[in-house]
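Here are a few exercises to help you find your way around a new structure. Try each task with the model in view, then read the worked solution.

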Amino acid sequence: MATEHPDVLIVGGGAVALCTAYYLQQEGIRTLIVERRGVGTGCSYGNGGLIFSGQLLPLMTPERLAGGLFRWLRRGSPFYVRPSPRRLRWLWQAREAARPERLAAIAALRAALLRQSQQLTRTLIAEADLEVELRQRGLFVVYRETPGQAFCERLARAAEAQGVPFQPVAQPSDLVDGLQAAGGLYFEADFHLHPARFVQQLYLRLAERGVRFRPETEVLDWERQGRRIVAVRTGEGRLAAGAFVLAAGAWSGLLARKLGLRLPVEPVKGYSLSSPRPPNAPEIPLLLADAGVTITPLAEDVRVAGGLELVGFDLEAQRVRAALLYDTARAWLPEMPLLPLQHIAWWRGLRPCMPDELPALGRPRAFENLVIATGGGLAGLSLAAVMGYRTARLILGEKPDPELEALRPDRFH
Ligand SMILES: Cc1cc2nc3c(=O)[nH]c(=O)nc-3n(C[C@H](O)[C@H](O)[C@H](O)COP(=O)(O)OP(=O)(O)OC[C@H]3O[C@@H](n4cnc5c(N)ncnc54)[C@H](O)[C@@H]3O)c2cc1C
């Protein structure tokens, strides 16, 4: 039985792959996940754990662009780009996607996807009986200075238009003791969880239910016959299947290229720091709009996450970036004690980002039995359940919803 070909082979073992396998398994589809490292150890592991309702705006809002792209070329900036022709093209596409006339359509799609994903995530956690420290505390998006305020105003307009519930808060310290902010928006529908627990427990539950896994197995290439993919080639040999899902996160573009497909999914590096949770840590997670930094109170740790580095697949962790996050958290919550930076565990991950910050989800036209599911970007954990659900429906042969047209993986061709 174990050597039989699976119905579906999923490349990658992150949150999107695991959620896809979950929905396929529910339909009795025999699934194999092939992961080149440990399952759930990619970007889904150490992120902020926030399941957003109101992350409606694309990456390159005018506020992030304030000061011009040159600001992005400075190494001390929280946003950093190591220029290359590919990355500059990507940035240009990202800038085009954030034009005011496109923002409304992107916000509408993101609101719908996030709403559905929040419901699916809750149901999945309950049905699979996962212990993931889920807490319903909302999200407080706060600002101090003009760009952060402008970002919040833009976000408020988008949330209002999309019916995403939020409340403006004029006095942030009323909601979070000691918070040094000038104002903000409270999104009540957001919740948070421990991301590593989510992927690791889902992995175990799926294995118990018969989903098969090949960790430490890198997919190197595809084997095709006409419009069909018949197998993947790995360092451990050839693996055949009836259908394939490419859910390799930030690395998906490299594997798509081997099929002659252009998928502009860019790795956008970010960092997180986890310090033991002090008694006066905020109960409500925070998004510090000026700095693009989140603070999540987990059960045992307080996690500070952020940073946008476009440096390709370079996973080297830069101390200067970790220090920036650390200093930001201390400046906004000066009374919250953190361990000295040298004693803090830090982590970095590569977010899979499309230029318009919408997922790439669908069947490329050139192949009958391939679905691409990546590009969750800054909200990829939040979107994993809906991406997995929609991918499974496509694999099952259901007619795609019209809204999936806007997520076509080849929309930038
Ligand atoms: C600092 C930071 C904070 C974040 N905070 C949040 C947050 O609070 N909320 C939120 O919603 N999102 C957040 N995100 C974004 C989120 O973490 C990602 O978008 C999401 O985890 C991506 O999931 P994935 O399954 O697509 O990719 P991954 O989890 O990266 O999984 C892809 C997997 O594919 C494997 N792979 C790659 N190539 C191959 C190959 N050739 N063969 C086999 N396997 C391969 C990789 O090893 C990896 O395990 C954050 C990200 C960062 C960096």
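**Exercise 1. Find the residue with a positive phi in the hairpin of β10 and β11.**

Solution. This is a predicted model, so keep that in mind as you go.
- Start with the loop: the hairpin of β10 and β11 has 2 residues between the strands.
- Now look at the backbone there: Gly-226 takes a positive phi near 60°.
- Finally, check the strands on either side: β10 and β11 pair in the antiparallel sense over 6 bridges, and Arg-224 stands opposite Ile-229 in β11.

**Exercise 2. Place this hairpin in its sheet and work out which strands stand at the edges.**

Solution.
- The sheet is open and has 3 strands in the order β10-β11-β12, with antiparallel pairing.
- β10 (219-225) and β12 (237-240) each have a single partner strand, so one side of each is left without a neighbour in the sheet and these two stand at the edges.
- On average, neighbouring strands of this sheet are turned by 30° against each other, direction ignored.
- For the other pairing, follow β11 (residues 228-234) alongside β12: the two are antiparallel over 4 bridges, and Val-232 stands opposite Leu-239 in β12.

**Exercise 3. Trace the open sheet of 6 strands and name its edges.**

Solution.
- The order reads β9-β2-β1-β13-β20-β19, and the pairing is mixed.
- The edge strands are β9 (212-214) and β19 (360-362); each has a single partner strand, so one side of each lacks a neighbour in the sheet.
- Neighbouring strands here are turned by 20° against each other on average, direction ignored.
- Zoom in on one pair: β13 (residues 243-246) and β20 (residues 370-374) run in the parallel sense over 3 bridges, with Phe-244 opposite Leu-370 in β20.
- A helix also belongs to this picture: α8 lies across β1 (8-11), β13, β19 and β20, and runs at about 175° to β20.

**Exercise 4. Decide how α1 and α5 are oriented towards each other: roughly parallel or roughly antiparallel?**

Solution.
- Begin with the geometry: α1 and α5 (residues 195-208) pack at an angle of about 30°, and their axes are 10 Å apart.
- Angles under 35 degrees count as roughly parallel, and α1 and α5 are therefore roughly parallel to each other.
- The crossing of α1 past α5 is left-handed.
- The contact includes Ala-15, Leu-18 and Tyr-22 of α1, and Phe-198, Leu-202 and Leu-206 of α5.
- By class, this contact of α1 with α5 has 9 nonpolar residues, 1 polar and no charged ones.

**Exercise 5. Do the orientation task for α3 and α4.**

Solution.
- The axes of α3 (residues 100-127) and α4 (residues 146-162) come within 10 Å and cross at roughly 60°.
- That angle makes α3 oblique to α4.
- α3 passes α4 in a right-handed crossing.
- Leu-103, Ala-104, Ala-107, Ala-108 and Ala-111 of α3 meet Ala-158, Ala-161 and Gln-162 of α4 in the contact.
- Sorted by class, the contact of α3 with α4 has 7 nonpolar residues, 1 polar and no charged ones.

**Exercise 6. Describe the shell around the ligand.**

Solution.
- Of the 44 residues around the ligand, Gly-14, Gly-42, Gly-48, Gly-249 and Gly-380 come nearest.
- Sorted by class, the shell has 20 nonpolar, 19 polar and 5 charged residues.
- To see where they come from, look at α1 (15-26), β14 (266-276), β18 (345-353) and α8 (380-395), each of which supplies at least two residues of the shell.

Notes
Residues numbered from 1 in each chain as written. Predicted model: local features only at pLDDT ≥ 70, side-chain atom pairs only at ≥ 80, totals over all residues. Near = placed C-beta within 6 Å. Nonpolar A, V, L, I, M, F, W, Y, C, P; charged D, E, K, R; others polar. Axes fitted to C-alpha atoms, helices over the stretch in contact; angles between N-to-C directions. Parallel < 35°, antiparallel > 145°, perpendicular 65-115°, else oblique. Left-handed = near helix turned anticlockwise from the far one by under 90°. Contact = placed C-beta atoms within 7 Å. Pairing = 2+ DSSP bridges.
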